[in-house]
Amino acid sequence: MKHERMRQAADTEREPAACMSRREFLLTGGLAASIVALGALPGLAGAATGLYALRAEYPRLRVGSISTLKEGIAHTFDYPYPGVTNILAKLGTPAGGGIGTGNDIVAFNTLCTHLGGDLSKAYKPEHQLLGPCPRHLTTFDLTRHGMVVTGHATESLPQIVLEAGGDDIYAVGVMGLIYGFAGNLQG
Ligand code: FES
């Protein structure tokens, strides 16, 4: 019995520090999902070691072109389903998950992870932030995978996984749970 408890404790210690809870991870059963390492976050060298997030893969969709993006101006697009709105922005500073020559092109879902406040008009290009949320003022850092800077939310903003193909920008997945979705499974 004692050995069994020690073995369980050791197993728990070996689990990665995921950004989503175990319950949320289990809710994604059946979806093509994987846990990915976030790597070093800009400005947090070393501190980010061991950070992981749940990534769900969706059909590749062209969402913009690199040459037409301008710093400070965010574009909106729907992904992975119609009506699920995200912003695409060139931050002008390297960002976690950023693509392009400056690693500064990112996309995020615009529903606040606290209670679903609409963040689609809350982009603050001067600080690379999304927020404050119009409902309870949560603000998210777009350079650090949508991490909460201040406010009521406890989960990072879901980041849309981007890939570049020449000048084209493609959405290929979602990292994190979109507010109101049980594992991002509804189609
Ligand atoms: S809904 Fe955004 S902070 Fe509450």
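Okay, let's start with one pair of residues: glutamine 159 has methionine 175 as its bridge partner in S12. Before I go on, please keep in mind that this is a predicted model.

So, the strands around that pair. S11 and S12 run antiparallel to each other, with 7 bridges between them. They make a hairpin, and just 2 residues separate the two strands. If you look at the turn, you'll find glycine 166 there, with a positive phi of about 65°.

While we're on S11, have a look at alanine 164, which sits in that strand. Is alanine 164 buried, exposed or partly exposed? It counts as partly exposed, because 14 other C-beta atoms lie within 10 Å, and a residue needs 20 or more to be called buried. As for what alanine 164 touches, leaving out anything up to four places away in sequence, you get Ile66, Ile99, Gly100 and Ile169. There's also a distance to look at on the screen: from the C-alpha of alanine 164 to the C-alpha of isoleucine 105 is 9.8 Å, and those two are 59 residues apart along the chain.

Let me zoom out for a moment. The protein has 187 residues, and 37% of them are buried. It has 2 helices and 12 strands. Going along the sequence, the pattern reads α-β-α-β-β-β-β-β-β-β-β-β-β-β. And if you take the contacts with a separation of 6 or more, 48% of them are between residues 24 or more positions apart.

Now the strands in the middle of the sequence. Strand S4, residues 75–78, pairs with S5 in the antiparallel sense, and there are 4 bridges. In that pairing, phenylalanine 77 is opposite asparagine 86 of S5. S4 and S5 are a hairpin too, this one with 6 residues in between, and glycine 83 in the turn has a positive phi of about 90°.

On to S5 and S6, which are also antiparallel, with 5 bridges. Asparagine 86 turns up again here, standing opposite asparagine 109 in S6. How many of the residues in S5 are buried? That would be 5 of its 6, so by the 20-neighbour cut-off S5 is mostly covered.

That takes us to the core. The largest nonpolar core has 36 residues, and the members touching the most others are Ala89, Val106, Ala107, Phe108, Leu130, Leu142 and Ile160. Which strands each supply at least two residues of this core? They are S3 (51–65), S5 (85–90), S6 (105–109), S11 (159–165) and S12 (168–175). If you click on alanine 89 and ignore its neighbours within four places in sequence, its contacts are Ala74, Val106, Tyr123 and Leu142.

Last stop, the open sheet. This one has 4 strands in the order S7-S8-S9-S10, and the pairing is antiparallel. At its edges are S7 (123–124) and S10 (147–150), each pairing on one side only. Strand S9, residues 139–141, is antiparallel to S10, with 3 bridges joining the two. For one of the residue pairs, look at aspartate 141, whose bridge partner in S10 is methionine 147.

That's the tour, thanks. Happy to rotate the model if anyone wants another look.

How values were computed:
Residues are numbered from 1 along each chain as its sequence is written. This is a predicted model: local features need pLDDT of at least 70, side-chain atom pairs count only at pLDDT 80 or more; totals for chains, interfaces and linings use all residues. A nonpolar core is a set of buried Ala, Val, Leu, Ile, Met, Phe, Trp, Tyr and Cys residues joined through C-beta atoms within 7 Å. A residue is buried if 20 or more other C-beta atoms lie within 10 Å of its own, exposed if 12 or fewer, and partly exposed in between; C-beta atoms are placed from the backbone. Two residues are in contact if their C-beta atoms, placed from the backbone, lie within 7 Å. Two strands pair if DSSP finds at least two bridges between them.
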